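The following paragraphs lead through a structure, starting with how its chains meet and then turning to the build of a single chain.

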2 protein chains.
Amino acid sequence: MNRYWSRRIQTIVPYIPGEQPKDRQFIKLNTNECPYPPSPKALEAIKKAAGDTLRLYPDPECVELRSTIAEREGLDLGQVFCGNGSDEILAFAFQAFFDSDREVVFPKITYSFYPVYTDFFGLKRREVPMNPDFSDPINLLCGRSGGVVLANPNAPTGIAVGLDTVEQLLQANPDVVVIVDEAYVDFGADSAVKLIDRYPNLLVVQTASKSRALAGLRVGWAMGDVGLIDGLRCVRDSVNSYTVDRLAQAGAAAAIRDESYFQSIRRRVIATREWVEKALKEKDFTVLPSQANFVFASHPSHPGKELLEGLRMRGVLVRWWDKPDIKDWLRISIGTDEEMAALMAALDEIL
Amino acid sequence: MNRYWSRRIQTIVPYIPGEQPKDRQFIKLNTNECPYPPSPKALEAIKKAAGDTLRLYPDPECVELRSTIAEREGLDLGQVFCGNGSDEILAFAFQAFFDSDREVVFPKITYSFYPVYTDFFGLKRREVPMNPDFSDPINLLCGRSGGVVLANPNAPTGIAVGLDTVEQLLQANPDVVVIVDEAYVDFGADSAVKLIDRYPNLLVVQTASKSRALAGLRVGWAMGDVGLIDGLRCVRDSVNSYTVDRLAQAGAAAAIRDESYFQSIRRRVIATREWVEKALKEKDFTVLPSQANFVFASHPSHPGKELLEGLRMRGVLVRWWDKPDIKDWLRISIGTDEEMAALMAALDEIL
């Protein structure tokens with residue numbers, strides 16, 4: 001605190017990102033990054049863009065990148081928006097579509113940035129309790145509200161819902177925007193993109209940070225009705241017109257065009273997740289059914305914090321939250337087979 | 001407008017960035033970019049960073065880049081904040097330090113993003129009229145307010161104030177934050193950085209977009225008391241924890257370390273500005289005394305819009321605003337000597 005702070009920030013509790021150790025000695029299974037490098041074509045495109053034209057502002061409208069996404073998804077250019085990671089886009093969307101006098105509704109256990117957004121932007125929220133199996137409480141998201149946010153697959157649970165369920169949500173909330181945060185969709189869930197033409201209140205948000213292995217580049221995108229995209233543009237042009245730099249635009253476009261590389265790393269992550277899930281269950285862990293690049297797991301006789309610290313001592317970082325509902329759970333990102341074997345060996349020592 | 005927009009964006013008039021033509025046929029003197037390429041060392045650092053580690057999130061605290069800036073400026077690491085261009089930092093600062101019930105004060109003719117910020121963040125503002133010679137109305141900025149914003153040099157006028165004047169402002173406003181926006185400081189003005197240790201209410205904002213020729217990279221930084229820097233961090237972590245990507249952090253740090261390259265392009269821009277100012281005056285233009293990488297000029301017998309359009313037809317882009325006070329003025333960025341000679345030839349045709 002400082003005497004010069006505005007009232008708004010005096011009371012806010014900001015989001016805390018997962019640790020980014022600088023010495024790189026850890027096996028890093030704590031921030032859901034991709035264990036495989038980015039597409040070589042993305043790196044090539046970045047190197048090509050790293051030239052004299054960096055003296056010029058980037059295209060504020062990101063036309064090349066948006067066209068690439070629009071073409072892949074069968075959308076119009078005007079149905080796509082690009083930003084500095086999906087977090088920035090979510091922050092823009094909370095400001096563009098939600099008003100302070102009506103509650104924004106989302107599941108109680110979900111991406112922990114959502115309640116930070118509602119607090120920071122002065123919005124009310126209703127966090128609805130999960131079903132007993134940690135699946136999303138869809139019925140509770142269908143009531144009257146000022147907007148709905150659903151991560152699909154959800155994080156940190158990894159549980160996905162089908163498109164029929166997303167459609168149920170959209171139909172139950174025709175007067176407010178439903179944000180479907182698909183950061184992890186490529187690891188096993190169905191994208192709601194195909195519903196965009198039928199639901200003008202649907203905003204689908206995706207990212208290059210996970211399945212495109214470009215967390216270090218900061219690129220995310222939203223897809224939806226042109227009216228919603230214009231709303232995001234309006235927010236962006238009220239805070240910072242150029243949030244996606246030239247290198248990020250070039251690199252992300254090349255990564256998205258390299259479909260075969262994308263498919264191959266996506267499949268490898270899924271294959272690793274499958275044996276990891278099985279191996280954890282053999283060690284008596286409860287593991288939620290994940291469609292993401294992480295698993296959410298709990299052990300009957302070892303508290304989450306103990307496991308977190310034991311793993312850290314053994315050089316493995318995972319994510320844990322000091323929250324009553326999930327304090328005995330760990331979110332473990334899916335690394336390479338070798339990294340996950342090291343995790344298993346570390347767990348064997350601890351258990 | 002769209003039925004799903006929040007009340008906040010229904011009424012906002014966003015900032016409109018200068019045109020970024022995609023065909024690159026124009027001589028681009030409209031967005032104050034540097035006419036010279038970035039430091040070769042910056043490009044090299046970017047290419048080196050364009051590797052496997054892009055799969056990992058960037059350092060959210062930008063420690064290497066901040067250390068580089070802190071060392072150059074004789075500050076502590078905790079006195080430096082980095083963001084996605086100085087626009088993002090200004091947007092963060094308006095949220096971190098200004099409250100809705102007290103007016104933010106700035107000159108009437110200044111960077112046109114400031115009134116967008118106050119509108120968008122629900123703040124009151126008082127825009128104080130310029131002195132008759134277009135210099136900053138310092139006395140009017142000294143009265144009671146909820147905060148002060150001063151671009152030094154100012155844009156689009158190019159006029160700078162001395163450090164004694166900045167100090168006068170700081171002393172007259174001890175209870176509120178004074179933001180000194182130094183986007184153009186390296187082209188002839190004195191930086192207020194040396195006042196930071198004495199004034200806990202001073203926030204100095206700079207950018208890599210102008211004198212480091214890296215507009216395409218999106219890097220800006222703020223310098224001030226650690227309490228103010230913590231406030232900016234608090235806002236960032238409430239909207240998007242990683243706004244400066246790995247390539248931008250590496251490239252900007254290398255550019256800042258390349259002091260001799262920086263000094264050489266800075267000097268070239270100043271030398272060109274000097275003859276341009278003289279040449280425009282010979283064509284009967286009134287030219288304000290600029291300490292920036294642009295000049296603000298007005299012709300007695302040719303309205304601003306006519307000149308804007310005449311130049312555009314001849315392949316030269318400059319900036320013009322449809323505002324009563326300055327509608328007969330053009331803001332002309334300083335390009336290379338060749339580009340400015342082409343501007344002069346185009347003006348000769350028009351006049």
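Two residues count as being in contact when their C-beta atoms, placed from the backbone, lie within 7 Å. By that rule, in this predicted model, 69 residues of chain A are in contact with 69 residues of chain B. The elements of chain A that give two or more residues to this side are α1 (7-10), α2 (40-49), α4 (85-97), α5 (113-120), α8 (226-239) and α9 (246-257). The largest share, 9 residues, comes from α8(A). Sorted by class, the side of chain A that touches chain B has 37 nonpolar, 17 polar and 15 charged residues.

How are the two chains placed relative to each other? A turn of 180° with a shift of 0.0 Å along the axis lays chain A on chain B, and the RMSD is then 0.0 Å. Because of this, the relation between the chains is that of a two-fold axis. The same surface serves both copies, as 100% of the contact residues of chain A recur in chain B. Which residue of chain A comes closest to the rotation axis? That residue is K47(A), with its C-alpha at 2.7 Å from the axis.

Two of the helices that take part in the side facing chain B, α4(A) and α8(A), also meet within chain A. Their axes come within 9 Å and cross at roughly 105°. Angles from 65 to 115 degrees count as roughly perpendicular, so α4(A) is roughly perpendicular to α8(A). On the α4(A) side the contact is made by I89(A), F92(A), A93(A), Q95(A), A96(A) and F97(A). On the α8(A) side the residues are G231(A), L232(A), C234(A), V235(A) and R236(A). Taken by class, the residues of this contact divide into 8 nonpolar, 2 polar and 1 charged.

The last part concerns chain A as a whole. Its secondary structure comes to 12 helices and 12 strands. Along the principal axes, the C-alpha atoms of chain A fill a box of roughly 55 × 50 × 50 Å. A compact globule of 351 residues would have a radius of gyration near 20 Å, and chain A has 20 Å, so the value agrees with that of such a globule. Buried residues make up 57% of the 351 residues in chain A. As for which parts of the sequence meet, take the contacts in chain A between residues at least 6 apart in sequence: 72% of these join residues at least 24 apart.

Methods:
Residues numbered from 1 in each chain as written. Chains lettered and ligands numbered in written order. Predicted model: local features only at pLDDT ≥ 70, side-chain atom pairs only at ≥ 80, totals over all residues. Helix = DSSP H or I, 4+ residues; strand = E, 2+ residues; numbered from the N terminus. Nonpolar A, V, L, I, M, F, W, Y, C, P; charged D, E, K, R; others polar. Least-squares fit on C-alpha atoms with pLDDT ≥ 70 in both. Axes fitted to C-alpha atoms, helices over the stretch in contact; angles between N-to-C directions. Parallel < 35°, antiparallel > 145°, perpendicular 65-115°, else oblique. Rg over C-alpha atoms; globule rule 2.2 N^0.38 Å. Buried ≥ 20, exposed ≤ 12 C-beta atoms within 10 Å, placed from the backbone.
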